[in-house]
Amino acid sequence: MGKLTKEEEVLLSSYSASSSTKGTLFFYANALVISLAPIYLFYGVHQMEIADSWVVWALSSISTAYLLALACKNQKRLLKHQIVMKRGPAVDREINGKYASDKKMTTKEKEERALFRKNEVADTESTYLSIFYTNTLFLTIMLASAFFLLANVAPIFNLLISTSGSAALVVFLSTAKN
Amino acid sequence: MKLSTVFLLAALGFCAVYAADVVDGEVTDDAPRNAQEEDDLTVGASPDAALAFHFVQPADANILHEFYTGKPVKFLIGFQNKGEKDFTVKFSETSFRFPTDYNYHLQNFTRAEYNRRVQPKEEVTLDYGFYAHETFAGRPVGLVVNVHYQDADGNVFVNNVFNQTVNILEDDSGFSGETGFLFILFIALSIGGLYIANQFLSKLSRKSGLSKRRVVEQGTSSEVDFEWIPRDAVRNKEKRSPAAGSPKARKAAKKAD
Amino acid sequence: MNYSLLVFLVVVAYGAEVGTQTQDAFILAHKQPLSTYAVENMDFVLEYGLYNVGDKPAHKVTLDDRHSFPTNSFDIVKGLLHVHFEQIPAGANVTHSVVIRPRAYGFFNYTSAQVTYYTDNENLHVSVTNTPGEGYIYRQREYDRRFAPKYTFFLVFLALITPTTLGSFILLQQSKSRFPAINKKKST
């Protein structure tokens, strides 16, 4: 097999499922915000005492944030492949249109650039889509379980089970091998 | 004769002075004969205590003596100590009696335990409230309120503060579950009726529609649609169309070809 | 003779009035809380009713309830706890409402108020109202948990969620629109 050349390494890295630092930052920031919002809601609706419940709040926010970030990453991996398929022709057209006048470039280079651009676009789009999809799924399951299924459970347990349970469910759904 | 008339009238006059004077709302010396209707035959009222009774809710109950079922009836009992010793008001008991026979209890309400000590020359107001259950709606009942108290020596007294027939009326103002569910039932029945009518009508219209469609379906022309047949096959068919008839005839036609 | 008989009867009748002394003013004093729940730092309404069930008017009626709501535990928002009525006619009644605000939470014993009045013959009567008994003053938090409007919290919750969720959705649509997929026309 031999060692991979630098070009091949670059190519491989662009194909990998691991996202850029910007993407991961998005994921973690999103997970943090979405994990704190239910805590505020529970504080307001059930008038939870801060002194009594801060332990549960910390526990719930940490576990939810971690699980949500995990779910987002998994979703992104799944969606990126689909999006690459969909956006392929459109990106090709864009690259061709951009470098049509440039005669110096070979078709191979154009293809490479198209590939790179495809990857980039798919990366960002899958990030956005995975954040949106994970958020809505988590929030609907959390709201349904907090105010309908577990409505009569004590607020502390309600918070823990609703948030962590929904996040765990979302992670489970995101690990589907399509 | 005139002197005897004078003496008779004087006797009547003196009786008027010393007979029990019951003023509306205030009950004072209760002769034991009033208590004969109660079970406590030997217990009466104390002459040193003056009691008063007044309905607070409903506002016109003092005049009308009508209550509504399900709505609270509140009244006040005033106790005035006119003697020299302490009195302790123990409790008050309220009950519904049969209107024509006050010995028959229809309902006994919970006793209100006051245990209130009243100093001499002092007055106390005590309150009580109850609800008339809806089973009494439309009936007259006798309402009897008795106050039990004792003085510093331990003598027990009972004073009847209210003893009249009241009318219990039905409360029509609230939303009753029966009319609500009746309303919902009518809506459901009407929707069901409309649905069935719709089905029936659509079935009728569909029958006539089928007959119409039959007419339409017969509309295929006898001509062959050559679009669907590739030209080769058509040409072949024109050439080698087999002769209609028995297989023998077809074989003969083939040989001849 | 008839005339003297009539006079005699009239004298007897008046004598009856003086003898039994049942026609006197008698004030029944009622104290009841009108608010269903007593909550700390929230207005609480009390109603006092004075009913004259006697046959004579009552003079110089005073109602004093300052001792049952000490100022270190209660604020008086509206009304006075010490009122004075010149006269309550026979058969008439007076209602007086006071709005107070409890400062602390916990169990509270509602004691009776004191009423003093003078009857016609300048007799001082000291009366005491009924006692509503022991009640509980709830904490603000317990009251809010059940009765406060919760939609504000839901609005803030939505505002917290919207940036990431909707923002990512909008960015997605933007990048999607930049690369439209054109379907080749298929001939039928």
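According to an unreviewed UniProt entry, residues 151-172 of chain C carry the annotation "transmembrane region". In the predicted model described here, that span is 100% helix and 0% strand, and the C-alpha atoms at its two ends are 30 Å apart. Chain B has a counterpart in the record: there the unreviewed entry places a "transmembrane region" at residues 180-197. This stretch of chain B is likewise 100% helix and 0% strand, with 26 Å between its end C-alpha atoms.

The annotated span of chain C leads naturally to the contact with chain A. Here 19 residues of chain C meet 26 residues of chain A. On the chain C side, two helices, α2 (140-147) and α3 (151-178), each supply at least two residues. Of the elements of chain C, α3(C) gives the most to this side, namely twelve residues. By character, the residues of chain C that touch chain A comprise eleven nonpolar, four polar and four charged ones.

Across the interface, helix α2 of chain A (residues 21-46) is worth a closer look. Its 26 residues should span 38 Å at 1.5 Å a residue, and because the end C-alpha atoms are indeed 38 Å apart, expectation and model agree. An α-helix has 3.6 residues a turn, so residues three or four places apart point the same way. The buried residues of α2(A) are A:G23, A:F26, A:F27, A:N30, A:A31, A:I34, A:S35, A:A37, A:P38, A:I39, A:L41 and A:F42. Their cover comes from both chains: it includes α3 (50-99), α4 (107-149) and α5 (155-174) of chain A, together with α3 of chain C. Thus α3 of chain C appears in two roles, as a part of what covers the buried residues of α2(A) and as the element that gives the most to the side of chain C touching chain A. Just after α2(A), A:Q47 adopts a positive phi of about 50°.

Chain C also contains strands. Four of them build an open sheet with antiparallel pairing, in the order β1-β3-β7-β5. At the edges stand β1 (27-33) and β5 (74-78) of chain C; each has a single partner strand, so one side of each is left without a neighbour in the sheet. From one strand to the next, the twist averages 30°. Within this sheet, β3 (residues 44-52) and β7 (residues 93-102) of chain C pair in the antiparallel sense through eight bridges. One point of register is given by C:V45, which stands opposite C:V99 in β7(C).

In chain B, strand β5 (residues 87-98) has several antiparallel pairings. With strand β9 (residues 140-151) of chain B, β5(B) shares ten bridges, and B:S95 stands opposite B:V144 in β9(B). With strand β7 (residues 112-118) of chain B, β5(B) shares five bridges, again antiparallel; here B:T88 has B:R117 as its bridge partner. Strand β6 (residues 101-108) of chain B is joined to β5(B) by four bridges, also in the antiparallel sense, and B:F96 finds its bridge partner in B:Q107 of β6(B). A hairpin of two residues makes the connection from β5(B) to β6(B).

Note on methods. Residues numbered from 1 in each chain as written. Chains lettered and ligands numbered in written order. Predicted model: local features only at pLDDT ≥ 70, side-chain atom pairs only at ≥ 80, totals over all residues. Contact = placed C-beta atoms within 7 Å. Nonpolar A, V, L, I, M, F, W, Y, C, P; charged D, E, K, R; others polar. UniProt positions renumbered as here; feature names shortened; annotations may be inferred. Pairing = 2+ DSSP bridges. Expected span 1.5 Å × (residues − 1). Buried ≥ 20, exposed ≤ 12 C-beta atoms within 10 Å, placed from the backbone. Axes fitted to C-alpha atoms, helices over the stretch in contact; angles between N-to-C directions.
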